[in-house]
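User: Hello! I am new to this structure and would like a close look at one part of it.

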Amino acid sequence: LPETVPEGAQFFASGGNPARLVAVDRTDGRTWWKAPIKGKWQPIRGAPPPASLPIHASGAVGTDAGVFYTSRRGLTHLLPGQRAAAEVHALDGDPIAPPAVLGSMIALPIRTNRGMSLITYDGKSELRLIEVEADDGWREEEPLGAAVVSVATAFWVGAKGFVSLEGVAEDLTAFWHRWPAKTEGLPFLRPYRAPNGRFWAMCRESGG
């Protein structure tokens with residue numbers, strides 16, 4: 001059946017328990033949730049515009065705790081506690097890639113004055129900052145692609161390497177992995193899973 005969506009909506013994600021579909025207008029920050037019985041889109045107030053971020057650093061994801069998207073204002077939590085509301089959590093840096101979902105937790109790479117770090121959040125406790133090990137090969141101007149999640153590992157592909165987050169909630173590790181010599185990653189070509197379950201990132205041979 002044809003679906004009518006709010007004018008200007010660009011991001012869509014489902015989150016909450018029970019899940020609700022949310023739409024986000026990236027240009028001015030308007031947000032809506034779809035009432036499941038009436039099937040009508042209802043506005044959510046108080047969300048900041050995410051448009052100041054580059055498009056490759058923007059995104060919306062959902063967990064049981066609600067829907068989350070990023071802006072320079074911070075991490076916006078929509079439908080907290082199943083309420084049609086928005087909460088903004090300040091970040092110690094700027095998002096540089098879309099967030100990933102690992103179970104009930106989201107993870108987000110950010111640029112800080114110390115380099116690259118990862119933020120994790122479960123929708124309940126405080127934001128957690130995880131320093132990225134060996135990030136000396138990452139360049140601030142280098143974009144990262146959308147996250148790929150395999151079991152309990154998330155990774156974001158860049159031209160010079162990729163960043164990974166793995167472990168359990170109490171013992172997470174983030175690491176920057178450089179590509180082999182004369183290899184350049186293609187961050188906007190999505191990695192794929194081989195029949196044996198292994199993920200392969202798209203790369204090309206480079207002169208450097």
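With which side chain does the side chain of S117 make a polar contact? Please also walk me through the strands around that spot.

Analyst: Happy to help. This is a predicted model, in which local features need pLDDT of at least 70 and side-chain atom pairs count only at pLDDT 80 or more, while totals for chains, interfaces and linings use all residues. Residues are numbered from 1 along each chain as its sequence is written, and side-chain values use heavy atoms, with hydrogens and water left out.

The partner you asked about is E131: its side chain and that of S117 make a polar contact at 3.2 Å. A polar contact is a pair of N or O atoms within 3.5 Å; within protein, one must be able to donate a hydrogen and the other to accept it, and residues adjacent in sequence count only if both atoms are side-chain atoms. S117 sits in strand β12, residues 115–121. Strands here (E, at least two residues) are DSSP runs, like helices (H or I, at least four), and are numbered from the N terminus. S117 counts as buried because its relative accessible area is 0%; buried means under 20%, exposed over 50% and partly exposed in between, with a 1.4 Å probe and protein chains only. Leaving aside residues up to four places away in sequence, S117 touches L108, P109, I110, T112, L129, I130, E131 and V132, where contact means heavy atoms within 4.5 Å.

Let us follow those neighbours, starting with β13 (residues 128–133). Four bridges join β12 to β13, and the two run antiparallel; strands pair if DSSP finds at least two bridges between them. Within this pairing, T120 stands opposite R128. The two strands form a hairpin with six residues between them, and G123 in the turn has a positive phi of about 85 degrees. β13 also pairs with β17 (residues 171–178), in the parallel sense and over two bridges. There, V132 has A174 as its bridge partner.

Next comes β11, which pairs with β12 in the antiparallel sense over seven bridges. R111 stands opposite M116 in β12, and a hairpin joins β11 to β12 through two residues. Seven of the eight residues of β11 are buried, so the strand is largely enclosed by the rest of the structure.

Two residues of β11 deserve a closer look. P109 lies in this strand and counts as buried because its relative accessibility is 0%. Not counting residues up to four places away in sequence, P109 has contacts that include S117, L118, L144 and W156. P109 and L165 are 56 residues apart in sequence, yet 9.8 Å apart in space, C-alpha to C-alpha. T112 is also in β11, which covers residues 105–112, and T112 counts as buried at 6% relative accessibility. A polar atom of the T112 side chain lies 3.1 Å from the backbone nitrogen of R114. Beyond residues up to four places away in sequence, T112 touches D92 and S117.

β11 has other strand partners too. Strand β9 (residues 94–95) pairs with β11 in the antiparallel sense over two bridges, with P95 opposite I110. Three bridges join β10 (residues 100–102) to β11, again running antiparallel, and L102 has M105 as its bridge partner. In the hairpin of β10 and β11, with two residues between the strands, G103 takes a positive phi near 65 degrees.
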